[in-house]
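Thanks for making the time this morning. I would like to take you through one model slowly, so please keep the structure open while I talk.

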Amino acid sequence: MTDEREIRQTLASALVEKARKDDRIVVLDADLMSCHATKVFKQEFPDRFFNVGIAEANMIGMAAGMSTFGKIPFTYSFAPFATRRCFDQIFISVAYAGLNVKMVGSEPGVAAEANGGTHMPFEDMAIMRSIPKMVCFEPTDATMMEKALDEIINYPSSVYIRMFRKKAAKIYDDTLDFHLGKAIELRDGSDVTLIASGIMVERALQAADELAGEGISAKVVNIHTWKPIDKEAIVAAAKKTGAIVTCENHNIFGGLGSAVAEVVVEKCPVPLKMVGVKDEFGQVGKNAYLSEVYGLTTADIVKAAKEAISRK
Amino acid sequence: MESSKLEFLTAKARQLRDDAIEMIGRFGVGHIGGVMSVMDALTVLYYDKAKVDPKNPKWNERDRVIMSKGHAGPAMYVVLGDLGFYPREWEKTLNLNGTNLPSHCDMQKTPGIDMTAGSLGQGLSVAVGMAEAARLDHNPATIYCIIGDGESQEGQIWEASMYAGSHHLDNLIVMLDYNKMQLDGKVADICDIAPPAEKWKSFGFDVQDIDGNDIEQIADAIDNAKARKGFAHMIVLNTIKGKGASFAEAASNCHSMSIPEELWRKETGRTE
């Protein structure tokens, strides 16, 4: 079921609400205000909104400078420009300097659709995960984005938010008990664990349904925080089901598959298959088409699950 | 400037130069050229113009000094040590294992360092963000940012300058250490930034073009900048790389040099 709310509007409205009580919050955008629905923030807090123009490196540096004054800056850009375009600024001016900036990178992976290969980041989480102490978070739906905001604001260091902008599949309701770094079990199972993030969560749930029809019991876990990753949940899933499939809208190199494998190999080796982009660039196309091209469909997850189980 | 003040600042700059020659000399090698060229500006800032408190390095209303050309760390360290920002015993630890005085400025290690720098081109953006934050908070802090001429080959310097100029950040005073040399040779031969005064004027800055090794000119330029509202400020410091270290001034390129013990002792006359 598609959510009624866009994630971008949910975040922007929630930021406005938080900012009414917390004057530390400021927002910076790099000429993509209209794409991020941050105009509501600008309208209410014109002095606390900074459109820096098409200059992501300067935006990150400015945010770092503002954080030294106790501000909590949220920077916005499309995910490739929020990460790889200004990697050194994030690495040095923000992370190495010990400063606190919340960076939103929108339109992850195939969500970039018609903007194509230049705008289609399959590498943003790998880039950000390589920075010491950087929190890497991909909200699953608008409810999670909203619930996560308090922790993101109050987390004492920087956070990267890999944000699908529009209406995602609705996975959670208001009963969601959210914590950064804490995986969420969506369905229990005993034969295989499907670990998914972002738009892949819905597909993992669909794959679990299909597998159930064939008598295979799949556990589904949403790992929304790729770093720090919930090692305990991964080890528990590996022990219980003896096989894991990771599902990500991202290159498997350095992404969720890598992050889970790092834990599994060291702590509890079991067969593991990675559903994700296999060392490819992006291209224009609709989400559904691109998901076929890059092997991100429900069918790909079902196939990977059976392969993982067969290797037990 | 009163003659007693000028005398004091001149003597202080000399002492700080000797401190820096010794500090780098004790380690054996370092960025002596760019440390010497900015020493007069740092002397005027820290001993006359900038509001800072060594007992309270994080004082919220202090003026900020961002050394964007982060390899001039030792220039900052001799000043901060002399003012009592950190214990004197640190002075002999430059770049030693576990030190709080690394070659490039690190705000997490050295009290009084307002920004980490070393990957060139980044400090000015941070200063711009500080200037915006100060303006938002009605904080009276002046944000000083020292950039290099070679550093200004980095595109980010111009992103930050375009923003500062178009947003009239008049609490921002940028100083360009225009010593005309960079690691591999002359700035003019490698990728010329000339004419800097005209460039920053065209970016909407209030620009002053002065002798950056002249204490009175530096002090006057800072006063002028603070008096002119509505513009971000650029003070082009025409400096000599290695200024005040005779061996560095005489070298064909003094960006980074080995400084044997007998050399720094001879230069400073220090025997202890």
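**The interface and the sheets of chain A**

Let me begin where the two chains meet: chain A and chain B bury about 2,000 Å² between them, and carbon and sulfur atoms give 62% of that area. I should say at once that this is a predicted model, and I would ask you to hear every value that follows as computed from that prediction. As for why I start with an area at all, the size of an interface is often given as the accessible area lost when the parts come together.

In terms of residues, chain A brings 26 to the contact and chain B brings 24. Which residues make the salt bridge between chain A and chain B? The count across this interface is one, and it is formed by Lys71(A) with Asp137(B), whose closest N and O atoms lie 2.5 Å apart. In addition, 11 residue pairs are found in polar contact across the interface, both residues of each pair being at pLDDT 80 or more.

If we now look at the side of chain A that touches chain B, the elements that give two or more residues to it are strand S3 (49-51), helix H4 (56-67) and helix H6 (87-96) of chain A. H4(A) provides the largest share, namely eight residues. Sorted by class, that side of chain A has 13 nonpolar residues, eight polar ones and five charged ones.

Strand S3 of chain A, which we have just met at the interface, also takes us into a sheet. Seven strands of chain A form an open sheet with mixed pairing, in the order S3-S2-S4-S5-S7-S6-S12, and S3 and S12 of chain A are its edge strands, each pairing on one side only. On average, and with direction ignored, neighbouring strands of this sheet are turned by 20 degrees against each other. S2(A) and S3(A) run parallel and are joined by three bridges, with Val27(A) standing opposite Phe49(A) in S3(A).

Just beyond S2 there is a backbone detail that you may wish to find on your screens: Asp31(A), in the loop between strand S2 (25-29) and helix H2 (33-36) of chain A, has a phi near 65 degrees, which is a positive value in a residue other than glycine.

Chain A has another open sheet, also of mixed pairing, in which five strands follow the order S9-S11-S10-S13-S14. Here the edges are strand S9 (184-187) and strand S14 (272-277) of chain A, and the twist from one strand to the next averages 25 degrees. Packed on this sheet is helix H10 (residues 231-241) of chain A, which touches strand S10 (192-196), strand S11 (218-222) and S13 of chain A, and whose direction makes about 150 degrees with that of S10(A). Strand S13 (residues 244-251) of chain A pairs with S14(A) in the parallel sense over five bridges, and Val245(A) stands opposite Lys273(A) in S14(A).

Finally, the peptide bonds. Most residues other than glycine have a negative phi, and most peptide bonds are trans. Where, then, are the cis bonds I want to show you? One joins Lys227(A) and Pro228(A), with omega about -5 degrees, and Pro228(A) is in the loop between strand S12 (225-227) and H10 of chain A. In chain B, a cis bond joins Ala194(B) and Pro195(B), again with omega about -5 degrees, and Pro195(B) is in the loop between helix H7 (187-191) and helix H8 (196-202) of chain B.

Technical notes
Residues are numbered from 1 along each chain as its sequence is written. Chains are lettered from A and ligands numbered from 1 in the order in which they are written. This is a predicted model: local features need pLDDT of at least 70, side-chain atom pairs count only at pLDDT 80 or more; totals for chains, interfaces and linings use all residues. Side-chain values use heavy atoms; hydrogens and water are left out. Two strands pair if DSSP finds at least two bridges between them. Helices (H or I, at least four residues) and strands (E, at least two) are DSSP runs, numbered from the N terminus. Axes are lines fitted to C-alpha atoms, for helices over the stretch in contact, and angles run from 0 to 180 degrees between N-to-C directions. Contact means heavy atoms within 4.5 Å. Buried area is the accessible area (1.4 Å probe) that two parts lose on being put together, summed over both. A salt bridge is a side-chain nitrogen of Lys or Arg within 4 Å of a carboxyl oxygen of Asp or Glu. A polar contact is a pair of N or O atoms within 3.5 Å; within protein, one must be able to donate a hydrogen and the other to accept it, and residues adjacent in sequence count only if both atoms are side-chain atoms. Ala, Val, Leu, Ile, Met, Phe, Trp, Tyr, Cys and Pro count as nonpolar, Asp, Glu, Lys and Arg as charged, and the others, Gly among them, as polar.
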